[in-house]
Structures are given as structure tokens and as C-alpha cells.
Amino acid sequence: MTATRPRHRRDRSHIARVTSREELIYLLSRASELEHGLACIYLFAAFSLKNDVSEGGLTPVQAEMVRRWKRRLSGVAVEEMLHLAQVSNMLTAIGGAPHFKRANLPMPANAFPFGIRFSLEPFSQETIERFVCYEMPEAGVLTPEQEKVYSVIRARIIEAEGGGPVDSMAGGAPISLGTGKRAAISEPFEIDFRTVGEFYHKIETGFLHIPEHELFIGPREAQASARYLDLSGELLAVVDRASACSAIDMIIEQGEAPSAAHPDAHFVVFDTIRMEYSRELEAAQGRGEAFDPVRPVVSNPMTRFYDDTSGGTIVSDPLTHEVAELLNISYDTMLLMLLRFLAHTEETEPELEHLSRATLRMMTTVLRPLGEALAMMPIGDPRLPGRTAGPGFGYNRDVHLLPHKTSAWVFFAERLRGLAVMAAALRKRVGVPRQVDEAAAALEDLATQFAPSDRAWNRAAEVKQFARIDTGKAPAITPELNGPYLVTNVENLVNSKGERLQARPRMALCRCGGSANKPFCDGTHARIGFTSAKSPERVADHRDTYTREALTVFDNRGICQHSGFCTDALPSVFRVHTEPFIDLSAADKEAIIQAVRRCPSGALSHALDGIEHRDQEREPKVTVSKDGPYRITGGVEIPDEPRAEGASTEHYALCRCGGSKNKPFCDGTHWYIKFRDDKN
Ligand code: SF4
Ligand code: FES
């Protein structure tokens, strides 16, 4: 998507050239703070949105729309992190270092020279309008008609911020620090840019005018490579003037491109959501219905008062406070790992891949579920009844580069182990949302991966320690709403080749079909908008009975997974496309019983002389079938999940392609949609 934006001829004569390395490093560091802060703000708004009709205030159609907004907001936040990585590469290229320091939120309107507060706010009309203003194109890019619409929005946001001057030259962009003397009070260099776009254009002047052979002094090999990050493959190595300008172009393009040719530009994404929200509110009001897509989260939740913020709401509920601390430390750990990745030294290629994958997993399978959980947990302030917390992204400690490889990796391992233990203990507490289970499973996996082999608490010791946490608890699988299967105490996990996979006491198994690390969940379900609801069009839950002499065979088409075991073994008894499905006269009793016993879904069972034999005696086991469902045997519990008529609790088949109409159970859809998992 780089360099596709038509070059606008803008009057940027008010922007003074950047002429020194030092000023360029300063501005890029501020750009890092900006991108980082925006990522947190957009994520917070995404977490404040509901996920399902079960949360109330939404019809199924509205819930689908709100989940789409959630995904788009999260997608923009991911791109802000890409921008942060891109700016880090620019810093490294010119002899600086990646910069992750930022003040805690909220930050006042004059913290950045754009005049708009940096604050963690739940989704609302005002919040989405503020987002539109953050990403507003520079003056002259929008048409005069658009300008009229957005100047009203800008004026409204400025007024909500407590008023302030609006610069008509900058398309009505607000000014807070302004230029000249006022700017010099707060910033060490001249502030003569008025929008985010102008800010980056000012940075561009440094790359354009400082002699190229003098400017690029940083080690190229220390920069982050796009091949390890799943960030749309758009991370550029910055090695010269041309690549630096392309990187800046990409950032501006992704942010403020206002045309339909860039449907993913942040400005367009936010503006589309703003209009959809406003239309839906109006339509619902017209119908006399409630439309309430937002969880009751407070603004700027924090676990302690920070001396670098202008306010916030303390999380007073003790349990919520613990989960909030878990999120903050996980966030801090993720940043340390990302920082090490962006400024690595002696890491090998496999180590770099490991570090980048683990950092992404921290975002998608730890921070995301914890953020969702916190948005549904009480803030605990008696003055705010019914209000929930949300993720505060608190900077409890200084985040700085761990400069020595070996000690850095031991440090990550220690942190991950501590976090895994903390999460495992928390998930057992009454009132903790299920999403904490998902985070606990991911943290255990990461802690095990990072455990060094040369310490007392090596990988094997770690697995043992985690196993003790749920000792004695029966093996169980809990399907998370719109998320993975959370599996506890199933040691026997095998793939279709009969190979034993490394099972952990708590695992999150993918059921959306999208994970790149099957059978384990990697958080893809949230990105692709997986939903776990059953379809009204599923095959009816109805048990048929076929009897011949002493043998009765039961069949419930509602849970058949179409494995074909029965039709392949005895096609004359189990008849494809023929009614009735079963003819007990076509084979002898023993052969039929053997075929029935091999049915993996539990759709078939049998009785002899009136005594039903539905279950078998087997060890608890999860088998990842070839391009098909999880086959569960040995009575692994699946609590709170209504079972079909006559279904076995000892064996059943769970959907793992994401397409079943009868989720969580398999209905054979994997075959129709050609689901593939070449690894297992
Ligand atoms: S799941 Fe059972 S009933 Fe369905 S095709 Fe397979 S063996 Fe036959
Ligand atoms: S990646 Fe989480 S359920 Fe598929």
C-alpha cells in the first residue's frame, strides 16, 4: 500500500526544515509516543464494545456490526504498532534507539501539538469523532464539502476539550501549543506543524535535507524485519533517503488517506464507523428500540495514581485490581520483548523469529482476552455503581531495552513464569471471566517455551509446577464464547498421524479454523470475527430408533460428523442418500455393533436386549483428526453445554474448522468447506 497516494501539492512553507540528527531523533521519539498512545486509546475503545447479544442491548444483526467495529478499531491499533516499529527502524537507521517511553494516560490536550486530549475513553459518538480528528488529513486534502462537515466535528471536539483556538489555515485543525514562543516553552525544538500528517512531513524534511551519507549511520541488521512480524508485511527496512520517505509515506497513507481508494486508512475506518453508529442509533430510536453497543466501562482506569497523568479512575474492586495488574505486567513484558526484538544484538534468526512470534502472541492471546475480561469486571467504586474497568495499560515500571542477550532472555522467562502462575491462580477465583482462562493457557505455553534448560526451573520443572495447580480436577473442555476450547488436564493429545503433541495442563485449542499454530489457538479468532453461535439451520436434534430382534441401533443425525466410518464399513446397512438410513437386516449383528462402536461423534449407539451400550471405557484423550474435528474420547467433561438427545458423554466430536452449524459439535461442514490442516 506504499506510495499509492497521489502527491498533493500542499503549502507547507510554515514548516521549518529539520537540519540536525538530534532534532530528527527527538521528533521520531515523539512520533513513537504518539503512535504508542494512539494504539492504546483505540484498543480501549474496541474493548469497550460488546461482543455478543448475550450482553444485552443488541439484536443479532447489530451484534455482528458492533463486532466488526471492534475488529476494525483493533486493526487500526495493530497498524499503529506497525508504525511504532517503522519509526523504531528509522531511529535505528540514524543512530538513535527504539523509544517506548510514554506518559500514563490520560494526557492533557497540550501534551501533543494537536490540541486533543489523549485519554482512554469508552466508545461513544464523541470518542469516534475524536478519533476522526486524530487522523484528520492535512488542510487542502478534503473537498470543500467534506471540509464543512469535518470543521463542525472539529469544533465540537475542541469545545468538549474545553475550547481553544482553531486554525483555519490547517483546515480548522486545533492548535494547542501553537508556534513560536508558546511551543518553545514545552518542546526543545520548533513546533510548526499542526496535524499528524504535517508532523510526519516535518520529519521527512530531515530525511530529505540532511546529507544522506552522514545521516544513515545505524546498523541495518539491528532493524526489525517484516518477515518475522505478521503486520501485513509492510514494515520497511530504512537504509537510505528513499526508504525513509517510503516509510513515512506509508504511515501517512495508512492514517489519513481520505479517498475510497483507501478503505483501510484510519480516517476512513473511523469515519465509516461514526456514520454507521449515528445511522443505527437513529434507526433504533425510530423503531422505539434500545441500541446499546457499549459496555459500562469508566474512562482511564488505573491500578494506582501515577504522577505523570492528569486524572483517572482507580480500580477498587480487589479481584478486578488483580486482573488489571496482570494485564499491566503482561503489557510491560510484551513491550520489553518487542523492544529487544526491535533493537536485537546477537540473536540468531530462529531466536528472532521466536521472539517476534511470542511478542505477537502476548498481544493476541494474553492482552486481548485480559482486556475483554476487564471491560466486563466491576470497577468497585461505590460512586460508580454498575460501571466496569477496562484495560488501563498502566506503565508501572520504566520500559527500557534489556541490553544483554542472555540475561534478557532469562528475564523474559522469569517474567513469563511469574505471570503464568499469577494467571493460573486468578482463573480459579469465583467471578473471573472465562477470558482469563484463555490468557492463563497462553502464558503457560509461553513460559514453557522460554524456560531455560540450564536452571532449576527448566521446562520440565515448569510443566510439573503448572500441573500441580489443577491437580485432581477432572479433564474438561470449556468452549469460550466466540473463542477457543479451553482444555484442562487432558494429557493425551495426539494428531491424525498418531503423534503425541505436547499437552499442557491448560491449553487453548483453536476452533475457528484460522490459527497459524494449529491445533493451538493463536488469537486469530478475534481478528477474523469468529462467532460460536449455533445456526438455526442446523440438522434437527432427533434420535431415530431401529430394532431387529435383540439389537436396537439409535441414530441422531443432528450430531453426525459425516466421518463415513459407518457407511464405508457397512454400506448396505448405513445407506447414503437412502431412507430409512439404516437397514439392520443387511449384515450380521456383531458387524453392525462393531461399526456402531467406531462412530466417533456419538450419533450412533446400540442396545442389546434392551440394555443400551452408549459409552466405552477409555482414557481421556483428544485426537486432532485429519482435516476434521477434534475427536474426544474417555469422558472429558464439557460443562454447561447442552447435549443432544442420546449423545454420549464419553465420546463426541468438536468442530475445529469454525463452520459447523451445530457448534461446538462437528456437523461435517469441514468437508464441504475443504478445511485443511497440513501439519496435523
Ligand atoms: S459420525 Fe457416526 S453416524 Fe456419522 S458418518 Fe461417522 S460413523 Fe456414521
Ligand atoms: S485462533 Fe483462537 S480459536 Fe482459532
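These are my notebook entries on the domains, two sheets and the ligand shell of this predicted model.

**Entry 1: domains**

I started with the domain assignment of the protein chain. It gives domain 1 as residues 21-287, domain 2 as 302-469 and domain 3 as 471-680. Next I looked up how domains 1 and 2 meet: 26 residues of domain 1 are in contact with 27 residues of domain 2. On the domain 1 side, helices α1 (21-47) and α2 (60-93) each supply at least two of the touching residues. The largest share there, 4 residues, comes from α1. I also sorted that side of domain 1 by class and noted 18 nonpolar, 5 polar and 3 charged residues.

**Entry 2: the three-stranded sheet**

Here I wanted the strand order. This open sheet has 3 strands, running β5-β6-β8, with antiparallel pairing. Which strands stand at the edges? They are β5 (476-479) and β8 (506-509); each has a single partner strand, so one side of each is left without a neighbour in the sheet. Neighbouring strands are turned by 20° against each other on average, direction ignored.

I then followed one pair in more detail. Strand β6, residues 485-488, pairs with β8 in the antiparallel sense over 4 bridges. For anyone following along on screen, Thr488 stands opposite Arg506 in β8.

**Entry 3: the four-stranded sheet**

The other sheet I looked up is also open and antiparallel, with 4 strands in the order β9-β10-β11-β12. Its edge strands are β9 and β12 (611-613), each pairing on one side only. The average turn between neighbouring strands is 25° in this sheet, direction ignored.

The β9 and β10 pair got a closer look. Strand β9 covers residues 543-548 and β10 covers 551-556, and 6 bridges join them in the antiparallel sense. I picked out two positions along this pair. Arg543 stands opposite Asn556 in β10, while Thr545 has Phe554 of β10 as its bridge partner.

How many residues lie between β9 and β10 in their hairpin? I found 2 residues there, and Glu549 in the turn has a positive phi of about 55°.

**Entry 4: around ligand 1**

Last, I listed what surrounds ligand 1. One run of the shell is Cys560, Gln561, His562, Ser563, Gly564, Phe565 and Cys566. The rest of the shell is Cys599, Pro600, Ser601, Ala603 and Leu604. Sorted by class, the shell has 7 nonpolar and 5 polar residues, and no charged ones.

Definitions and conventions
Residues are numbered from 1 along each chain as its sequence is written. Chains are lettered from A and ligands numbered from 1 in the order in which they are written. This is a predicted model: local features need pLDDT of at least 70, side-chain atom pairs count only at pLDDT 80 or more; totals for chains, interfaces and linings use all residues. Two strands pair if DSSP finds at least two bridges between them. Axes are lines fitted to C-alpha atoms, for helices over the stretch in contact, and angles run from 0 to 180 degrees between N-to-C directions. A residue is near a molecule or strand if its C-beta atom, placed from the backbone, lies within 6 Å of it. Ala, Val, Leu, Ile, Met, Phe, Trp, Tyr, Cys and Pro count as nonpolar, Asp, Glu, Lys and Arg as charged, and the others, Gly among them, as polar. Domain bounds come from an automatic or database domain assignment. Two residues are in contact if their C-beta atoms, placed from the backbone, lie within 7 Å.
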